[in-house]
Amino acid sequence: METISIPPGSINLRDDRKQQSWVVALAPFAIGKYPVTRAQYAQLSGGAPEPGSTAQHPVVNVSWIDAVRYCNLLSLSQGLAASYAIAADGQAVTLLPEARGYRLPTEAQWEYACRAGTREPRYGELDDIAWYRGNAAGASQPVGLKAANAWGLHDMLGNVWEWCQDLYDPEVYGEYRVFRGGGWDDLERGCLVTNRRRSHPTFAIDDLGFRVARPA
């Protein structure tokens, strides 16, 4: 699992639905250079790439719960303590804040890493950096084929949406979790650094994957 070290800093997040913004200070962390691929996921979780895909396509049809299970498996495979306590029923999940293993990025970490210092809506020209409805030919594409951002991260926009750690708005949506980045079936306006979507942690679909993060 190749990761990129991200320097400390801060990010101003915004929720357009609630017309609210807030600043989050960030310690240094590491984040996956690419979304988790089907080969990486299968190696630890079992299963095979879907028909018509290759091992280097981003894994999709994974729920938030699937993603945190994978984070634990990846941690254990590298001799690290698991970052999540998962209840016997497989549904209730608790993040262990002192754990040093792999976890999903917070949405503050995700947007900060995606921006890589830019204040623009994207970190480059869309066709150069992202697979979206205008160029993806109706499917996800192997990771790393589009240009990276200034910090060396690929596919932060387009190709697949990516699960984040955060609850979206627990007072309104309960356990719904955030995902970010836009996917292969989105129009141009879907692939922006600020876009936020949400769904139930058991939700899975063919344009939603994830990448991993861990403390520095």
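A residue is called buried when its relative accessible area is under 20%. The exercises below apply this cut-off, among others, to a predicted model.

**Exercise 1. Determine whether the overall dimensions of the protein agree with those of a globular protein of its length.**

Solution. Begin with the inventory: the protein has five helices and eleven strands. Its radius of gyration is 16 Å, and the globule rule gives 17 Å for 216 residues. The two values are close, so the protein is as compact as a globular protein of that length. Along the principal axes, the C-alpha atoms fill a box of roughly 45 × 40 × 35 Å. Burial completes the description, since 49% of the 216 residues count as buried. As for contacts with a separation of 6 or more, 64% of them join residues 24 or more positions apart.

**Exercise 2. Classify the ring pair formed by Trp161 and Phe179, and state which parts of the chain it ties together.**

Solution. In general, a pair of aromatic rings is described by the distance of the centres and the angle of the planes. The structure holds nine aromatic pairs. For Trp161 and Phe179, the ring centres are 5.6 Å apart and the planes stand at 80°. Planes over 60 degrees apart count as edge-to-face, so this pair is edge-to-face. Next, locate the partners: Trp161 belongs to strand E7 (residues 161–167) and Phe179 to strand E8 (residues 177–180). The pair therefore ties together parts that are 18 residues apart in sequence. Trp161 and Phe179 are both buried. Elsewhere, ring pairs link Tyr41, Tyr70 and Phe210 into a cluster.

**Exercise 3. Describe the surroundings of Cys164 in strand E7.**

Solution. The first step is accessibility: Cys164 has 0% relative accessibility and therefore counts as buried. The second step is to list contacts, leaving aside neighbours within four places in sequence. The partners of Cys164 include Trp64, Leu104, Trp110 and Arg177. Phe179, the ring partner of Trp161, is also in contact with Cys164. Finally, consider a distance along the chain: Cys164 and Val212 are 48 residues apart, with their C-alpha atoms separated by 9.2 Å.

**Exercise 4. Identify the members of the largest nonpolar core that touch the most other members, and the elements that build this core.**

Solution. In soluble globular proteins, nonpolar side chains tend to be buried together. The largest nonpolar core comprises 26 residues, of which Ile6 and Leu157 touch the most other members. Two or more residues each come from strand E1 (3–6), strand E2 (9–15), strand E4 (29–32), H3 and H4. H3 gives the largest share, five residues. Apart from this core lies another, of 22 residues, which includes Val59, Val62, Val68 and Cys71.

The contacts of Ile6 can then be listed, neighbours within four places in sequence being left aside. They are Pro28, Phe29, Ile31, Tyr112, Ala113, Trp151 and Leu153. Phe29 is also touched by Gln109, a residue of helix H3. Gln109 has 13% relative accessibility and therefore counts as buried; its other contacts beyond four places in sequence are Leu26 and Ala213.

**Exercise 5. Establish where the buried residues of H1 lie around the helix axis.**

Solution. The residues to consider are Arg38, Tyr41 and Ala42, which are buried in H1. They cover an arc of only 95° around the axis, which puts them on the same side of H1. An α-helix has 3.6 residues a turn, so residues three or four places apart point the same way. The buried residues of H1 pack against H2. After H1 comes Gly46, whose phi is positive, near 85°.

**Exercise 6. Compare the settings of Asn61 and Ala116, two residues other than glycine with positive phi.**

Solution. Asn61 has a phi of about 55°, and the phi of Ala116 is near 50°. Asn61 occupies the loop between helix H1 (38–45) and helix H2 (64–77), whereas Ala116 is in the loop between helix H3 (107–115) and helix H4 (126–129). Asn61 counts as partly exposed because its relative accessibility is 36%. Ala116, with a relative accessible area of 10%, is buried.

**Exercise 7. State which rings have the charged end of Arg198 or Arg214 over them.**

Solution. The charged end of Arg198 sits over the ring of Tyr168, 5.0 Å from the ring centre. Arg214 lies over the face of Tyr102, and the distance to the ring centre is 5.5 Å.

Methods. Residues are numbered from 1 along each chain as its sequence is written. This is a predicted model: local features need pLDDT of at least 70, side-chain atom pairs count only at pLDDT 80 or more; totals for chains, interfaces and linings use all residues. Side-chain values use heavy atoms; hydrogens and water are left out. Helices (H or I, at least four residues) and strands (E, at least two) are DSSP runs, numbered from the N terminus. Buried means under 20% relative accessible area, exposed over 50%, partly exposed in between (1.4 Å probe, protein chains only). A nonpolar core is a set of buried Ala, Val, Leu, Ile, Met, Phe, Trp, Tyr and Cys residues joined through side-chain atoms within 4.5 Å. Contact means heavy atoms within 4.5 Å. The arc is that of the directions from the helix axis to the C-beta atoms. Rings of Phe, Tyr and Trp (its six-membered ring) pair if their centres lie within 6.5 Å; planes under 30 degrees apart count as stacked, over 60 as edge-to-face and the rest as tilted. A charge sits over a ring if NZ of Lys or CZ of Arg is within 6 Å of the ring centre and within 35 degrees of the ring normal. The radius of gyration is taken over C-alpha atoms; the globule rule is 2.2 Å times the number of residues to the power 0.38.
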